[in-house]
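The following exercises concern strand pairing, helix packing, an internal cavity and model confidence. Each task is followed by a solution that proceeds step by step.

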Amino acid sequence: MNVLELKDITKRYGGFTAVDDVSLEIEQGRVLSLLGPSGCGKTTTLRIIAGFTAPDGGTVRIAGEDVGHLKPYERNVGLLFQDYALFPHMTVAQNVAYGLRYRGSSAAAIPSRVRQMLSLVQLSGMETRYPNQLSGGQQQRVALARALATDPKIVLLDEPLSALDAKLRLELRIELKEILRSVGATTIVVTHDQEEALSLGDEVVVMHSGRIVQRGTPTQIYESPADKFVAEFVGRSNWFNGARTGCSNQGLSSFVANGGVEIRARSSQSGHSSTADLCVRPENIELLTGAAPEPLQDAEHNVLRGVVLDVASLGADVHVVVELPEKGRLLAIRKNVGRTPGVAPGQPVLARFSVLDVLVF
């Protein structure tokens, strides 16, 4: 069953189209991430679902009901804002109970429901505290408990973790996913953070210029981006602009890219245009060091010669920038190498990657 259905939603502000003919559906219990840069239309879409913004065209259905005529508090939608929007003069328990009181819950049932929600978000015993007595992470949990307390048909999260520091954001991301899964909440998460979108969502919708450009699982979005924008926005990428020079008997298309380097890709990926943008993810690049002969291409790999320009150790990972001929640059990520990166600035290297790992647009 589809809990949410958007059909041909459009919203304009003067001559600017914020949301352009957007349609999507979400099934019961699924978590959908809306991902995109600032101004892409994701927050406006969220506000239209919640009822804070009226669309210029299209329909919004929640649990099969057209809610276009309903006010936000009539839609039974749970909301978690970026700044949490807790009432500073209310205790934790009072904040969580607020929606219950205004949704007609009996006075006798409210305390039990509040305790249940606070246990869910691991805040039992903090009922009498006020928001200014809580950490940022604790405030976020109170806001989540309040959003879930009324058993909403759909939960809307607007940049829910952006106000937290990086380490706490990672910890709460894991907790948030577990909580949403445990209660079976149908959820939309709006974010510009790629890792947050990919880790929280069962599916990810990428938006650009008010339109949906791709919908798929996190793996599909990352490994099979629909166009150059998605490939560039989601994850790190190395880009080459190549002119096609031919196709081999092994089904490989060859391109001469910037700097005169040859890069090959599977023909099924490369289409038939004479030029293309070629993308290689940094984690798919293997760096070979030592006295190596002239780089020989085998049937399944590209090999480029370069010189290490910079090495940055980021804990378990090491980011290596390699300078290619004609001043082109390549980022490679070496994982689980410990404290010794194995390469140093000025060192010659060979960058090796599979023809299957070349995305062609």
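**Exercise 1. Determine in which sense strand β1 pairs with β2, and place β1 in its sheet.**

Solution. Step 1: β1 covers residues 2-13 and pairs with β2 in the antiparallel sense, over eight bridges. Pairing here requires that DSSP find at least two bridges between two strands, and the elements are DSSP runs numbered from the N terminus, with helices (H or I) of at least four residues and strands (E) of at least two. The model is a predicted one, in which local features need pLDDT of at least 70 and side-chain atom pairs count only at pLDDT 80 or more, while totals for chains, interfaces and linings use all residues. Residues are numbered from 1 along each chain as its sequence is written, and side-chain values use heavy atoms, with hydrogens and water left out.

Step 2: To fix the register, note that N2 faces E27 of β2.

Step 3: β1 also pairs with β4 in the antiparallel sense, through five bridges, and K7 has T59 of β4 as its bridge partner.

Step 4: β4 in turn is joined to β5 by two bridges, again antiparallel, with I62 bridged to E65 in β5. Two residues lie between the strands of this hairpin, and A63 there adopts a positive phi near 55°.

Step 5: The resulting open sheet has four strands in the order β2-β1-β4-β5, with antiparallel pairing. Because β2 (16-27) and β5 (65-66) each have a single partner strand, they form the edges, and one side of each lacks a neighbour in the sheet.

Step 6: Helix α1 (residues 42-50) packs on this sheet and touches β1, β2 and β4 (57-62); its direction makes about 120° with that of β1. Contact means heavy atoms within 4.5 Å; axes are lines fitted to C-alpha atoms, for helices over the stretch in contact, and angles run from 0 to 180 degrees between N-to-C directions.

**Exercise 2. State the strand order of the open sheet of six strands, and identify the helix that lies across β6 and β7.**

Solution. Step 1: The order is β6-β7-β8-β3-β9-β10, and the pairing is mixed. The edge strands are β6 (77-80) and β10, each with a single partner strand, so one side of each is left without a neighbour in the sheet. With direction ignored, neighbouring strands are turned by 20° against each other on average.

Step 2: Within this sheet, β3 (residues 31-35) and β8 (residues 187-191) run parallel and are joined by five bridges; L35 has T191 in β8 as its bridge partner.

Step 3: The helix is α4, which lies across β6 and β7 (154-158) and runs at about 170° to β6.

**Exercise 3. Trace the pairing of β14 with β11 and β20.**

Solution. Step 1: β11 (residues 238-247) and β14 (residues 275-280) run antiparallel, with six bridges between them. One pair is N238 with V280 in β14.

Step 2: β14 and β20 (residues 358-360) are also antiparallel, joined by three bridges, and C279 is bridged to L359 in β20.

**Exercise 4. Describe the lining of the largest cavity.**

Solution. Step 1: The largest cavity is lined by Q140, R141, L144, L172, E175, L176 and I179. Lining residues have an atom within 4 Å of a point, and a cavity is a set of points, on a 1 Å grid over the protein atoms alone, where a 1.4 Å probe fits but cannot get out.

Step 2: α4 (136-149) and α5 (166-183) are the elements giving two or more residues to the lining; α5 gives the most, with four.

**Exercise 5. Which elements have the lowest and the highest mean pLDDT?**

Solution. Step 1: The protein averages a pLDDT of 88, and 93% of the residues score at least 70; pLDDT is the predictor's confidence in each residue, from 0 to 100.

Step 2: Helix α9 (residues 267-270) has the lowest mean, 60, and strand β10 (residues 211-216) the highest, 98. Where pLDDT is low, the predicted coordinates should not be read in detail.

Technical notes:
On a 1 Å grid over the protein atoms alone, a cavity is a set of points where a 1.4 Å probe fits but cannot get out, and a pocket is an open set with protein on both sides within 12 Å along at least five of seven lines; lining residues have an atom within 4 Å of a point.
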